[in-house]
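Reader: Hi! I'm new to this one and would love a friendly tour. Could you show it to me before we start?

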Amino acid sequence: MKTTKFLSLALLTGTLLVGCSSDDNDPEVINPEETITTMNVTLTPQGGGTAITLQSQDLDGDGPNPPMISISGSLAENTVYDGTVELLNETETPAESINEEIEGEAAEHQFFFIPNNTLNATIAYDDDESDYVSAETGVNFTSTNPVGISFTVTTTDASTGTLAITLRHEPKKPNDGTLADAGGETDITQAFTLVIE
Amino acid sequence: MKIYIFITLLLLIPLYGVSQDCNDILTGQVMDYHNKTPLENASIQILGNQKIVKTDNKGKFQIPSLCPGLYELEISHPECTTTFIKVEVDGITWIDIKLEHHLEELEEVKVVGDAVAKKTNSSLEESLKLKTLEQYSSGSLGDALKELSGVSSLNTGANIVKPAIHGLNGSRVLILNDGVRMQDMEWGDEHAPNIDINAAGTISVIKGASALLYGGDAIGGVIVMEQARIPAKDTLYGKSIVNGVSNGRGGNITTELIKAFESGWYLRGQGSYKRLGDHEAPDYVLSNTGVQEIGASLQFGKQLFTWGWDAKYSYYNSEIAVLRASHIGNIDDLIRGINNGQPEIIRPFTYDIQNPRQEVTHHLGKLKFYKRFEGLGKWNVQYDYQNNRRFEFDVRRGERDNQASIDLELTTHTFSTDFKWDAKELYELQFGILGRFQENFANPTTGVRRLIPDYEKYDFGAFVTGEYRLTDEILVDAGFRYDFNRIDAKKFYQTSRWEERGYDQEFQDLIINDLGTQLLTNPIFDYHNFSTTFGAQYAENSGSVIRINYAISQRAPNPSELFSDGLHHSAARIELGDLRIKSETSHKISASYQQDFNNWGFTLEPYANFIQDFILLEPTSVEFTIRGAFPVWEYRQTNARLLGVDTAAYIDWTGNWRTDHQFSLVKGTDTENNSALINIPAANFRNKLTFVKPEWNNFEFSLESQYVFEQNEHPDNITAFSPEQQQEVVLEINTPPEAYHLLGVSSKMEFPFKNNLKLTTSLTVSNLLDTNYRDYLNRQRFFADDLGRNIILQLKLNY
């Protein structure tokens, strides 16, 4: 008798446990904080003229859609361009600028600008870590390794080729300027097909 | 309770007859507890008296010439546990004594020494004894299980060791931790069982799904961890083990203390702590591979012959660092990692556990009650509760290093009851039911899209198993189980992913909220699974045993197989589940032939496992994102075939020298595409030479050789366009590492002291020659060599 009672009680408890614990609250949506959806590169000719913009936009982040690439125009021969990179997370409204985070961790980040051998252009860094305020210490970095948020492009003869822009997190710093030597993790990488005419 | 009173009454009812001289007689009958069969040849001794009498073929005995008074009897029988009974003798006193006859039924009552009771009759089963487990005290469950033939592991470094049976792992391998089925997110490749190896007394491995009592979905097999038995006598004992480990420059300590009473009450406490720093490969430090592990359990209850209960709580926490160099950004980083030959990041040795790392906490609570019904059998009822919390920390940008990327909490309640009807001599029947509720909560504070969604899961199962003794030599068994699973999830999909998967064609009605770029969906899926097994065991008196078993089992897809959706930074891959996945069905035929001669013996175990709708995760294509290209690993279903054989042999050369030999081979084929399955263990060959000299303080020395072949059957590599190299490249993610050979030695000595105090010292060296090697089933093989030489010094104190 006692066992029967115990069994029914136990079964009842089990049923109650199952019965009570469902709730209909919907989970909260997560908008990924770290995603970089957009890279805007602005190339402004020194001495005036129309700036060229290069954009890679991947609004679904690690979703299936590939990034959309747009290039506003072609570059001129024998011209020096001042370049800047802007990174955005457009899954948030308003879009969040990622530059701030990169600048705050400038010593742990570096952009690499690699033209292929058909593009008659050379790229030089126009900034270093000491230009930025460390998020950790609140004062400017004292090291002077390149970062690449601003850079210059110097074109020579007319040509067509690609310029690959890669952002590495925690690369070896200083490095010899090649991706292989730098290592680290790729946060962003995009090749743009450029025309110099 | 009633039975208890009844027995007491029986004991106390004196027969007529009064005598003041010592002419009283104690007489009675000894019989089986279950079916009242008289037991012949049982010894009855009066304590403090040299008189021993034996029962005749009717189980009867007589002790003449006793003085009136209270006596304590010790009743023993070759097939039963020894029982003590108090009896008051007055005149001619009659007593009925019931002994538990079936050895395997005695587990709860007697202290089983080295023998481990078999869980099944006809399937392939092996077990690890306490002695072996203690050897692995500083390692993990998966490390110890690899001692058994046919058991391998899928590793992520040295700390995350996921056991695999006959080539299958994860949700296909059930782990029973002291009667509780572990619910610890076993679905992930980089999730190891949340178990402290020091908490187990014995571990049995059933290589297949035939132990239906535990579950119907054990397509790989079942790992049953049990506690050592606690004797029902007044005693206090325990042990402590301390290990010093050279590779990792740390060690562990574990202690267990047990207090038992003759009345059946007992209390047991156990605790362990492990701490290791960075491990080392022969040529470099494996940066960020430290580990910290804490395990503790407390158990108490009352165990009597006729009834008993047991309450247990156990806690497990581990913090595991994951090789820094294995955290990568995209396929170009992966290619660089593979081509480098050594990890990109090698730092000086440290004990610090940095990102990437995992932190897992597991709580387990259990309440169990059992009662034996005279002439019927034993009834068990159990409730258990588990809470599993998993954090995974990635290398993140900004100030997010202390913000977990994965934060999941899995809570499980299980209620189960079964009845074992074993009163009949020739057959035995067991049946039971189970109800389970599980809830997963994915914390949104991670700022990373959920890898596993919030869900609620309901399970119901019912089984019946039976065995029948056909002849003295042949035992047949059979079983049937039904399982119902319902999963009710709330998951966000990226709209682009939803469409890319084609879900907008089939599952549009699951959407409960459209947020533009994301969709909230509510998939509710039901699965009905049926499992059946039958088999036979033929045991000849000459020492040969033949077992044959056929098992059909079905497994419902786990949450990972259904819902995975996103980027795994640790593996630089996008993993995609599929809502269309249905249950997989396995047909496994296994046989075993075991023969023991005077000085040697062998076991041969061939098996074939045919799995319909086998669920597997494989690289299929490449997707481009702004971060570069990523291989896409998709869960898909196919038909698969696993063929394998495990062999083992031993030879006793002289009393002191012995050799053991083991060889395991398994071949996995995707029969739909006629290609090799991924992550199938390579053939391996183990040989061990042991020297024992009991006269020298139980001195034991062994030399072990392990040869692992190259896995020559693997899926093809995939090609992908590399944005960095601006060309198609081969991604060598399926290329297996070369064969390797490892040597190990170990030695042991025992030093007994007074008062049951015993010190055991042992020294073990693994990878003696500091060989450089990589293992196909280690997910970090792309980035770094496996462990170099490791020296473990162990001190064990029994008290």
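Author: Happy to. One term before we begin: two residues are in contact if their C-beta atoms, placed from the backbone, lie within 7 Å. Also keep in mind that this is a predicted model.

Reader: Okay, so among contacts in chain B between residues at least 6 apart in sequence, what share join residues at least 24 apart?

Author: In chain B that share is 66%. For chain A, counted among contacts between residues at least 6 apart, 63% link residues at least 24 apart.

Reader: How many helices and strands does chain B have?

Author: Chain B comes to seven helices and 46 strands.

Reader: And what about its overall dimensions?

Author: Along the principal axes, the C-alpha atoms of chain B fill a box of roughly 110 × 65 × 50 Å. Its radius of gyration is 29 Å, which agrees with the value near 28 Å for a compact globule with 799 residues.

Reader: How much of chain B counts as buried?

Author: 47% of the 799 residues of chain B do. In chain A, buried residues account for 34% of 197.

Reader: Let's switch to chain A, then. How many helices and strands are there?

Author: Chain A has three helices and ten strands. Going along the sequence, the pattern reads α-β-β-β-β-β-α-β-β-β-β-α-β.

Reader: How many residues does each chain bring to the contact between them?

Author: Chain A brings 49 residues and chain B brings 53 residues. On the side of chain A, the elements giving two or more residues are helix H1 (2-20), strand S9 (159-169), helix H3 (179-182) and strand S10 (185-196).

Reader: Which of those gives the largest share?

Author: S10(A) does, with seven residues. By type, the side of chain A that touches chain B divides into 19 nonpolar, 18 polar and twelve charged residues.

Reader: Does S10 of chain A turn up anywhere else? What packs against it?

Author: The buried residues of H4(B) pack against S10 of chain A, and also against strand S37 (628-652), strand S42 (718-722) and strand S43 (727-731) of chain B.

Reader: Which residues of that helix are buried?

Author: Helix H4 of chain B covers residues 331-340, and its buried residues are Ile331(B), Asp332(B), Asp333(B), Leu334(B), Ile335(B) and Gly337(B). What follows H4(B) is Gly341(B), with a positive phi near 85°.

Reader: I clicked on Ala158(A). Where is it found?

Author: Ala158(A) is in the loop between strand S8 (150-155) and S9 of chain A. Ala158(A) counts as partly exposed because it has 14 C-beta neighbours inside 10 Å, and partly exposed means more than 12 but fewer than 20.

Reader: What is Ala158(A) in contact with, leaving aside neighbours within four places in sequence?

Author: Its contacts are Glu77(A), Ile196(A) and Glu197(A). As for Thr137(A), that residue is 21 residues from Ala158(A) in sequence and 46 Å away in space, C-alpha to C-alpha.

Reader: New topic: sheets! What is the order of the open sheet of three strands in chain B?

Author: The order is S9-S10-S11 in chain B, and the pairing is antiparallel. Strand S9 (151-156) and strand S11 (168-169) stand at the edges with a single partner strand each, so one side of each is left without a neighbour in the sheet.

Reader: How many bridges are there between S10 and S11?

Author: Strand S10 (residues 160-165) of chain B pairs with S11(B) over two bridges. Within S11(B), Asn169(B) stands opposite Ala164(B).

Reader: What about hairpins? How many residues sit between S29(B) and S30(B)?

Author: Three residues lie between them, and Gly516(B) in the turn has a positive phi of about 90°. Strands S29 (residues 511-514) and S30 (residues 518-521) of chain B pair in the antiparallel sense over three bridges, and Thr521(B) is the bridge partner of Ile511(B).

Reader: One last stop. Which strands form a hairpin with five residues between them?

Author: S40(B) and S41(B) do, and Asn697(B) in their turn has a positive phi of about 50°. Their antiparallel pairing runs over ten bridges, with Lys693(B) opposite Phe699(B). S40(B) also pairs with strand S38 (residues 657-670) of chain B in the antiparallel sense, over eight bridges, where His661(B) has Asn687(B) as its bridge partner.

Conventions:
Residues numbered from 1 in each chain as written. Chains lettered and ligands numbered in written order. Predicted model: local features only at pLDDT ≥ 70, side-chain atom pairs only at ≥ 80, totals over all residues. Pairing = 2+ DSSP bridges. Helix = DSSP H or I, 4+ residues; strand = E, 2+ residues; numbered from the N terminus. Nonpolar A, V, L, I, M, F, W, Y, C, P; charged D, E, K, R; others polar. Rg over C-alpha atoms; globule rule 2.2 N^0.38 Å.
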